[in-house]
Amino acid sequence: MNQFGLIARNFSSSSAVQSAIKNVTVIGGGLMGSGIAQVSAQAGQNVILVDVSNDVLAKAQKSIGNNLGRVAKKVYKDKPQEGEKFVADSLARIKTSTDPVEASKTSDLVVEAIVENIDVKHKLFKQLDEVAPNHTIFASNTSSLSITEIGSVVKRKDRFGGLHFFNPVPIMRLLEVIKGADTSDATFNTMLEWGKAVGKTCVSCKDTPGFIVNRLLVPYLCEAIRLYERGDASARDIDIAMKLGAGYPMGPLELADYVGLDTNKFILDGWHKKYPEQPLFKPIPLLNKLVAEGKLGIKTGEGFYKYDKK
């Protein structure tokens, strides 16, 4: 079943998790947060999307509306009126707020999708822990930080876990569900069922650096950068080799540019600081140089390749 078939099935089905999680608060109105808000609303849940910036929230609402319109055209292509109702109903379930504390007071699940800075995350979760109902589950969408460490500042350690989505959230089917050192089985199972209810294929992983995807992907990208840095092969040939030899849709240096070289560096630096003895996590001079020069990949028009900025 494709992603849109899965979405359509979820619109009309009542999952058991709906009784446990009806109200979802998403903290962070960027690409990830707005995507998480969208798939939650599509699945029939009430959502409060929170960001400190009203401009970010307005942009997120517009983006969600456009994305829902695209979904409606595919799912309800022969029933345009039903499609319009689906868009209107989904949007009606999403409210916005600039106050994370107030937005968490009626929440069954809080998903944090803010900056990858553990101090900022600690400050947020400490605040929310004081006001959220006892049953509320806290989850982080972090891609590189430890779930156990993020949750170390809250009292509800048994109701804290990881929900790592992939960008763009409405399209990418995978959800990594992470069990921290203190996450209870009940919390983990509820998160797993919730992930399925919002149309995702869930995989579970322990609280290990990068979980499954990034733990394998980031070292692979870094080894490709090191190969290029040594002069062993050109960027183009490395990418062609992996596309034609391994069947990958993108080469590693193309993908590094797409993800953002600053993001790759940030993850690598964090892992190296925590695990200095691991050779795969060692800093890469070429990567550091490109980031220092502002050559971050597609978003700046140049990384390992040059791009026409639109």
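This is a short walk through one structure, from its cores to its helices and a few single residues.

Start with the ground rules. The model is predicted, so local features need pLDDT of at least 70 and side-chain atom pairs count only at pLDDT 80 or more, while totals for chains, interfaces and linings use all residues. Residues are numbered from 1 along each chain as its sequence is written, and side-chain values use heavy atoms, with hydrogens and water left out.

Now the inside. I will speak of nonpolar cores: sets of buried Ala, Val, Leu, Ile, Met, Phe, Trp, Tyr and Cys residues joined through side-chain atoms within 4.5 Å. Buried means under 20% relative accessible area, exposed means over 50%, and partly exposed lies in between, with a 1.4 Å probe and protein chains only. The largest nonpolar core has 36 residues. Those with the most contacts inside it are I36, L49, L109, L163, F165, V177 and W194. Which helix gives the most to this core? Helix 4, residues 54-75, with six residues. There is also a second, separate core of 23 residues. I225, L261, L268 and L290 are included there.

A word on numbering. Helices (H or I, at least four residues) and strands (E, at least two) are DSSP runs, numbered from the N terminus.

Stay with helix 4 and bring in helix 3, residues 31-42. Their axes come within 10 Å and cross at roughly 50 degrees. Axes here are lines fitted to C-alpha atoms, for helices over the stretch in contact, and angles run from 0 to 180 degrees between N-to-C directions. Under 35 degrees counts as roughly parallel, over 145 as roughly antiparallel, 65 to 115 as roughly perpendicular, and the rest as oblique. Helix 3 and helix 4 are therefore oblique to each other. The crossing is right-handed. That term means the near helix is turned clockwise from the far one by less than a right angle; anticlockwise would be left-handed.

Two residues from this pair. Q42 is found in helix 3. Q42 is buried, with a relative accessible area of 6%. G69 lies in helix 4. At 25% relative accessibility, G69 counts as partly exposed. The C-alpha atoms of G69 and G83 are separated by 7.8 Å, with their positions 14 residues apart along the chain.

G83 takes us to helix 5, residues 80-92. Helix 5 has 13 residues and reaches 18 Å from its first C-alpha to its last, close to the 18 Å expected at 1.5 Å a residue. The expected span is 1.5 Å times one less than the number of residues. Which residues of helix 5 are buried? G83, F86, V87 and S90. Seen down the axis, they fall within an arc of 95 degrees, so they line one face of the helix. The arc is that of the directions from the helix axis to the C-beta atoms. On the other side of helix 5, Q81, E84, K85 and A92 are exposed. A92 stands at 53% relative accessibility. A92 and N46 are 46 residues apart in sequence, yet 8.7 Å apart in space, C-alpha to C-alpha.

Next, helix 11, residues 235-246. Its 12 residues should span 16 Å, and its end C-alpha atoms are 16 Å apart, which agrees. A235, I238 and D239 are buried. They cover an arc of only 95 degrees, which puts them on the same side of helix 11. On the other side, L244 and G245 are exposed.

On to helix 13, residues 261-274. Its buried residues are L261, N264, I267, L268 and W271. Their arc is only 130 degrees, which puts them on the same side of helix 13. Helix 13 packs with helix 14, residues 285-292, at an angle of about 130 degrees, with the axes 9 Å apart. That makes helix 13 oblique to helix 14. This crossing is left-handed.

Last, two spots in loops. The peptide bond from N167 to P168 is cis, with omega near 0 degrees. Where is P168? In the loop between strand 6 (160-165) and strand 7 (174-179). Then F211, in the loop between strand 8 (201-206) and helix 10 (213-229). F211 is not a glycine, although it has a positive phi of about 60 degrees. Is F211 buried or exposed? F211 is buried, with a relative accessible area of 3%.
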